[in-house]
Amino acid sequence: MKKSIELTPKVETLFGTRDENLHVLEDGLNINIDLRSNSIELEGAPVDVARAEQVFADYEYLQRSGHVFNNGDLNSLLRVLIGDPKATLRGLAEAGKQRSFGRRTVQPKSVNQRRYLDAIESHDMVFGIGPAGTGKTYLAVAMAVSALLSKRVSRIILARPAVEAGERLGFLPGTLQEKIDPYLRPLYDALYDMLEPEKVDRYLEKNVIEIAPIAFMRGRTLNDSFVILDEAQNTTSEQMKMFVTRLGFNSKAVITGDITQIDLPNARRSGLVEAMDILKNVEGLGFCYFDDGDVVRHHLVQRIVRAYEQHKEKVAEQLLLLETKSMEGNSPTPPSLRAPSPQLETEQ
C-alpha cells in the first residue's frame, strides 16, 4: 500500500538529525519513507502505513498545541510507540505532561520505563530490577516528587545500604549525616534535578524529605509516605525483609537494584535476589525488569552493559563445557575458569 502525505510547516523537525527518526519508523514499522519536494510517500502494509500516518498527524497536532520535545525525547517516544502497538505519539506526549515532576519534564524513553511508571501508579510496592543507566532510581524519585507536590503523600523517604563498591573508605570524619552522605549522593542528585535547590534544602531541614541508611528503618512504620530503597542488591536477607514490612497506610514503596553489581562481602546472598524468588507470586506487588535496551545514558553505556552480559554468558558456556569434559574424562577444571568459592567469615 502507498500513501502520500502533504508536507506541513516545520514537519522536518520530526525527521531528526540525519533523518534518524524516520529510520526508526522505517525499521520499526517495516515501511519505506520517501521524501519528495512537497510530500512524504509511505509504502508498506496497510496497518503499518496507517500507524506511520498517525504519527505525522499527531506530531502536527502537538506542534500546534505548543508541545516542545527536548533532549532526544521524540526519538525515545517513537521507540516506545513501536514497541507498543496500542500507543500513539499524542497519547505518550500528553501522558508525560499530565505528571508534575517539579521543574523537570520526564518522558519514559522505552517500553519498560513506561511500564515501570504505570506499575508505580497502580501498585503500592514495585521492584525495578536491571542494569546501570536504565533510569530505575531517577524515575522512582520523579514519581515520589510528583506524589509529594500533588499532596498524595506528606513525605519522601529515601534509603540505601551503606556498602562500598569494591572499596574500603575507612572511618569517615564528621557528623552522622556527613558520614552517610557519600553513599546517598545519587539520590541527592536526582532530587536537585527535579526541584529547586532551596526547596530541597528546606524539605530536608523539615524532614519532609528524609534520606537515611536502611539500618535506620528498623522498628518504624512508614505512613503517608513514598519510600524508595535504592541499590537493593546490596541488602542482606534480613534487611530486605525488614524494609518490605515497614510499609504503612497510604504509602508506596519502590525497590530498585542491579543484581549484576552485588557488593556484599563474603558472598552473602543478596536480599533482592531472595525477594525476587519469595515475593514473585504475592498479589499486589509489581516487578519491572530492564535490559540493556533501556539504558538512557551515553550510547557507550548500552554497549558496555551488553558486552559484559555477553562475556558472562561466554564464561558460563565455557565452564559448562569444561565440566562436561571433566566428567567424561575425569580431568580437573582449569583454575582460571573455576567458579570462585565463597569465603568463610573469620572471627574478629
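Two strands pair if DSSP finds at least two bridges between them. Strands are DSSP E runs of at least two residues, and helices are H or I runs of at least four, numbered from the N terminus.

This is a predicted model, where local features need pLDDT of at least 70, side-chain atom pairs count only at pLDDT 80 or more, and totals for chains, interfaces and linings use all residues. Residues are numbered from 1 along each chain as its sequence is written, and side-chain values use heavy atoms, leaving out hydrogens and water.

**Exercise 1.** Work out which strands β4 pairs with, and in what sense.

*Solution.* Start with β9 (residues 285-289): β4 pairs with it in the parallel sense over five bridges. One of the contacts to look up is Phe-127, whose bridge partner in β9 is Phe-287. Now try β8 (residues 252-257): that pairing with β4 is parallel too, over five bridges. There, Ile-129 has Gly-257 as its bridge partner.

**Exercise 2.** Place β4 in its sheet.

*Solution.* Write down the order of this open, six-stranded, parallel sheet: β6-β5-β7-β8-β4-β9. Next, mark the edges, β6 (209-213) and β9, which each pair on one side only. Finally, add the twist, which averages 15° from one strand to the next.

**Exercise 3.** Sort the residues of β4 (125-129) by the way they point, and say whether they are buried or exposed.

*Solution.* Recall that in a regular strand the side chains alternate between the two faces of the sheet. Met-125, Phe-127 and Ile-129 point one way, while Val-126 and Gly-128 point the other. All of them are buried (under 20% relative accessible area, with exposed over 50% and partly exposed in between; 1.4 Å probe, protein chains only).

How values were computed: Axes are lines fitted to C-alpha atoms, for helices over the stretch in contact, and angles run from 0 to 180 degrees between N-to-C directions.
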